[in-house]
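Trainee: Could you take me slowly through one part of this model? I would like to see what lies beside it and how it fits into its surroundings.

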Amino acid sequence: MPDDIFDCLVVGGGHAGCEAATALARLKHSVLLITGNADRLGYLSCNPAIGGLAKGHMVREIDALGGMMGLWADAAGIQFRMLNMSKGPAVRATRAQIDRDAYSSALKKTLFSTPNLRVWQDAATEITVGAGRVCGVRTRQGLDFAARHVLLTTGTFLDGRIHVGMTNFPGGRMGDGPSPGLSDSLRALGFTLGRLKTGTTPRLLRASIDFSSLKEQFGDNPAPTFSFHGPGACLPQTSCHITWTNERTHEIIRSGFDRSPLFTGVIQGTGARYCPSIEDKVARFQDRERHQIFLEPEGLESGEIYANGLSTSLPPDIQTAMLRSVRGLEKAVMTRPGYAIEYDYANPVQLRPTLESKVVPGLWLAGQINGTSGYEEAAAQGLWAALNISCDLRELPPFAPGRDMAYMAVLTDDLVTLGTLEPYRMFTSRAEHRLLLREDNADARLTPTGRRLGLVDDARWRFFCQKEKSADNLKQRLAEIRIPADKEKRQCDAFPQPGASLAELLRRPDMDKMKLLALLEDARDAFSDAGLKAELTACAPAVWERVQTDIKYAGYLERQRRLVARAAGREKTVLPLDMDYTKVVGLSREVEEKLNRVRPWNLGQAGRISGVTPAALACLEIHLHKLEMRRRQTG
């Protein structure tokens, strides 16, 4: 095998690596996935859950493009919920509790059965370069693997160090060693690396918890799963439970501050602002009397519970006392302590919008090595990089949907344009066009692209086309059919002029599917088409959700599309990658430095760089015009 030349070497078997390797192999490229522990491929290192606000959107986008995370999550989900149902459709998101063992089993079944994909248990220690571009990796076992492209998805393993109280030791996560040598190799190639920190919670013995005193949290029925075309929830569904810290808990936590690596300066890496440890929450929010804890099962057959909300690196004795001060956990037994982990990352401004390195051609980075946090952000980057590697191998234009097309595009653009100095987490608020980026229309936005690139197979494509046809037909029928005004008044109070269409009625805030069906029943004698009621009754929930949202929010959607069209000109105005910004008249030194560091692909990306003002963009446009005039004169 070391004598083979692969199309791509994927280093790291986490969520970015597994999504990327599977996609590349399904696109008929030869792939070698190198992982330090083949038993833990795609392991859920932190919480046993997938999805959530904005994260669920990205899982649906991965599925829409032909990726795998949604199918793996559906196969292993033991509780599914739709979050934010009381709010607008743009911010509703699917979240699932996951059976760790079932997820790993589903993922490994795919990886080990996919043609063109091989797995090798080893540790990459060095990136090898020749003739100005990447040519492979060298491993701890002394093997040299050659490839046209190398994708690094090292997660928290890059010079990882685990902290439990004042004790620390090398590790990529508890039970697995770090990735040796790669940090030095990247620095030698010219990368600038930084240091980040994340953490996880204690795991508890299920049998030691008194659930009878706690609030039970049920999943939704029917289960709102991730995949547009998959079989849905495959496992029995279960509950979570909710409890709270209290002032006694906080006193115990404060008593451990003098032995906390976070507060004594032992930990140097920057932690996640939006997912702080419990000791950080107690220190920062001293007026809060309690903090919520979700007790989440690790699996249907697992004897462990994940205490979501208690991420900590305090010493084990403080962790035990803290836990036993919480209602329901008075006799709790820890099976594994919470811990923090520091690791190296490469600031993503060193990458092109495709996630290819600017430093070494053919070297790509995806996942937490780029400063992100979360399984979903990692998987989205893995698929993004894989599609662009495939485009490069096939000499196709890059895969580069705009910020109005996908959350994963917002994620990638934020990373490569702005960089990050702390773990980046995706939120719906980061997307300026979020009403266009709903979970329900991810397939309409991205499945045609996945089909064009070859990742959406025939069965998925037929399913998508049938769904789109059903939605279009239903929207057309609702727009065409009108009912007498006197029939309208039996269902709601205020109506437009007589002869309103059903679509116009559906735009009203108080009108939904059930009321529309009641209206049709009441006015059945007024319709020549008696089949509409049966059609609505039989309409698939996913189709109805799309139709209802498109109709109710038609005005807002059109307004956002106009804003996108207005900005499209700058997105299409390409900036030469070798442009010398010191030669652009009118730019400040600060703007020159930022543009030279980021090397934006177009004016739109340049405008999103912090400090690049509208006046600076105008200077760039004038400079481009002058360059084009000179080219014509000399051409």
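**A strand and its neighbours**

Mentor: Let's begin with one pair of residues: Val10 has Leu151 in strand 9 as its bridge partner. Strands here are DSSP runs of E with at least two residues, helices are runs of H or I with at least four residues, and both are numbered from the N terminus. What you see is a predicted model, in which local features need pLDDT of at least 70 and side-chain atom pairs count only at pLDDT 80 or more, while totals for chains, interfaces and linings use all residues. Residues are numbered from 1 along each chain as its sequence is written, and side-chain values use heavy atoms, with hydrogens and water left out.

Now widen the view to the strands. Strand 1 (residues 5–11) lies parallel to strand 9 (residues 144–152), and six bridges link the two. Two strands count as paired if DSSP finds at least two bridges between them. Strand 9 is also joined to strand 8 (residues 133–139), this time antiparallel, by three bridges. Within that pairing, Val137 is matched with Phe145 of strand 9. The chain makes a hairpin here, with four residues between strand 8 and strand 9, and Gly142 in the turn has a positive phi of about 80°. Then there is strand 20 (residues 363–365), which runs parallel to strand 9 and is joined to it by three bridges. Look for Leu152, whose bridge partner in strand 20 is Leu365. As you trace a strand, keep one rule of thumb in mind: in a regular strand, side chains alternate between the two faces of the sheet.

Next, follow these residues into the interior. The largest nonpolar core has 93 residues, and those with the most contacts inside it are Ile50, Tyr103, Val137, Val150, Leu151, Leu152 and Leu363. Such a core is a set of buried Ala, Val, Leu, Ile, Met, Phe, Trp, Tyr and Cys residues joined through side-chain atoms within 4.5 Å. Buried means under 20% relative accessible area, with exposed over 50% and partly exposed in between, using a 1.4 Å probe and protein chains only. Helix 9 (residues 375–393) gives the most to this core, namely eleven residues. A second core, of 21 residues, lies apart from it and includes Met511, Leu519, Leu520 and Leu536. The general background is that nonpolar side chains tend to be buried together in soluble globular proteins.

Ile50 is a good residue to zoom in on. Leaving aside neighbours within four places in sequence, the contacts of Ile50 include Leu44, Val59, Phe226 and Tyr103, where contact means heavy atoms within 4.5 Å.

Tyr103 leads us on to a pair of helices. The axes of helix 1 (residues 15–26) and helix 4 (residues 100–113) come within 10 Å and cross at roughly 30°. Each axis is a line fitted to C-alpha atoms, for helices over the stretch in contact, and angles run from 0 to 180 degrees between N-to-C directions. Helix 1 supplies His15, Cys18 and Thr22 to the contact, while helix 4 supplies Tyr103, Leu107, Thr110 and Leu111. Sorted by class, this contact of helix 1 with helix 4 has four nonpolar, three polar and no charged residues. In that sorting, Ala, Val, Leu, Ile, Met, Phe, Trp, Tyr, Cys and Pro are nonpolar, Asp, Glu, Lys and Arg are charged, and the others, Gly among them, are polar.
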